[in-house]
Amino acid sequence: MRRDHREPVIAYVGIGANLDDPVRMVQHAFDLLEDLPGCHVISRSSLYRSAPFGGIEQADFINAVAEVETGVPPEMLLSCLKETERNMGRDLDGPRWGPRELDLDILLYGSEIIEEPDLTVPHPGIALRNFVLLPLMEIAPDLDIPGLGPVSELEVDRSSPQITKIDNDLD
């Protein structure tokens, strides 16, 4: 068996953008995920407009979550996501929580708990961010998050940051 492939698992990828037509960018990100080696997008959440997180003055973000079946190891998936971000114009050396053309985060990778220098899964902010939890609850309400429990039982602060579900058909 090749080391860069494994039995398929279900991963969840958080998507965000607030530069260069972020609605279009997030919609395009679903296609980009489908094009990654060993990946197939199973479902996609609605799009959500959310106020910026982290205290930097900037435009609102458009966020979503994709459910992806993948046969590549999590480290390789992360590498592919970072390369996709770079290809879409993101400066990976920019400020933390700053504006970005595209942000792709591995939220979950099967039921694995991963603690590596460059990768923590489940994503460490998953339970604290409504712009992750609301789209995740939409597409996987029965999902059990390792170490946290069922996503449907997690408390979601729907007011901070301010968030609104938007029409996916916006162009």
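## Burial and Ser50

A residue counts as buried when its relative accessible area is under 20%. Ser50 has a relative accessibility of 2% and is therefore buried. The model discussed here is predicted.

Ser50 belongs to strand β3, which covers residues 47–50. Leaving out residues up to four places away in sequence, Ser50 touches Asp60, Phe61, Asn63, Phe131, Gln162 and Ile163. With Asn63 there is a polar contact between the two side chains, at 2.7 Å. Ile163 lies 113 residues from Ser50 in sequence, yet the two C-alpha atoms are 4.2 Å apart in space.

## Overall fold

The chain contains three helices and 10 strands. Their order from the N terminus is β-α-β-β-β-α-β-β-β-α-β-β-β. Along the principal axes, the C-alpha atoms occupy a box of roughly 45 × 35 × 35 Å. The radius of gyration is 15 Å, in agreement with the value near 16 Å for a compact globule of 171 residues.

Of the 171 residues, 50% are buried. Among contacts with a separation of 6 or more, 67% are between residues 24 or more positions apart. The exposed area of the chain is about 8,900 Å², and carbon and sulfur atoms supply 47% of that area.

## Nonpolar cores

The largest nonpolar core has 33 residues, and the members that touch the most others are Ile15, Leu33 and Leu77. Two or more residues each come from β1 (9–17), α1 (22–35), β2 (39–44), β4 (61–70), α2 (74–87), β5 (103–109) and β7 (119–121). Helix α1 gives the largest share, seven residues. A second core, separate from this one, holds 20 residues, including Ile126, Phe131, Leu154 and Ile163. Two of these, Phe131 and Ile163, are also among the residues that Ser50 touches.

Leu77 shows how one of the best-connected members of the largest core is placed. Apart from its neighbours within four places in sequence, Leu77 is in contact with Ala11, Leu36, Cys39, Thr70, Val72, Ile106 and Tyr109.

## Cysteines

The chain has zero disulfides. Cys39 is in none, and the nearest cysteine sulfur to it is that of Cys80, 6.7 Å away. A disulfide requires the two sulfur atoms to be within 2.5 Å, so this pair does not qualify. Seen from the other side, the cysteine sulfur nearest to Cys80 is that of Cys39.

Both residues are covered. Cys39 has a relative accessible area of 10%, so it is buried. Cys80, at 17%, is buried as well.

## Helix α3

Helix α3 spans residues 130–139, and nine of its 10 residues are buried, so the rest of the structure largely encloses it. The buried residues in α3 are Asn130, Phe131, Val132, Leu133, Leu134, Pro135, Leu136, Met137 and Ile139. Of these, Phe131 is a member of the second core.

## Ser43 on strand β2

Ser43 is part of strand β2. Beyond its neighbours within four places in sequence, Ser43 is in contact with Val65, Ala66, Glu67 and Ile139. The side chains of Ser43 and Glu67 are joined by a polar contact of 2.7 Å. Ile139, another of the residues in contact with Ser43, is one of the buried residues of α3.

Definitions and conventions. Residues are numbered from 1 along each chain as its sequence is written. This is a predicted model: local features need pLDDT of at least 70, side-chain atom pairs count only at pLDDT 80 or more; totals for chains, interfaces and linings use all residues. Side-chain values use heavy atoms; hydrogens and water are left out. A nonpolar core is a set of buried Ala, Val, Leu, Ile, Met, Phe, Trp, Tyr and Cys residues joined through side-chain atoms within 4.5 Å. Buried means under 20% relative accessible area, exposed over 50%, partly exposed in between (1.4 Å probe, protein chains only). Helices (H or I, at least four residues) and strands (E, at least two) are DSSP runs, numbered from the N terminus. Contact means heavy atoms within 4.5 Å. The radius of gyration is taken over C-alpha atoms; the globule rule is 2.2 Å times the number of residues to the power 0.38. Accessible areas come from the Shrake-Rupley method with a 1.4 Å probe; for residues, only the protein chains shown count as cover. A polar contact is a pair of N or O atoms within 3.5 Å; within protein, one must be able to donate a hydrogen and the other to accept it, and residues adjacent in sequence count only if both atoms are side-chain atoms.
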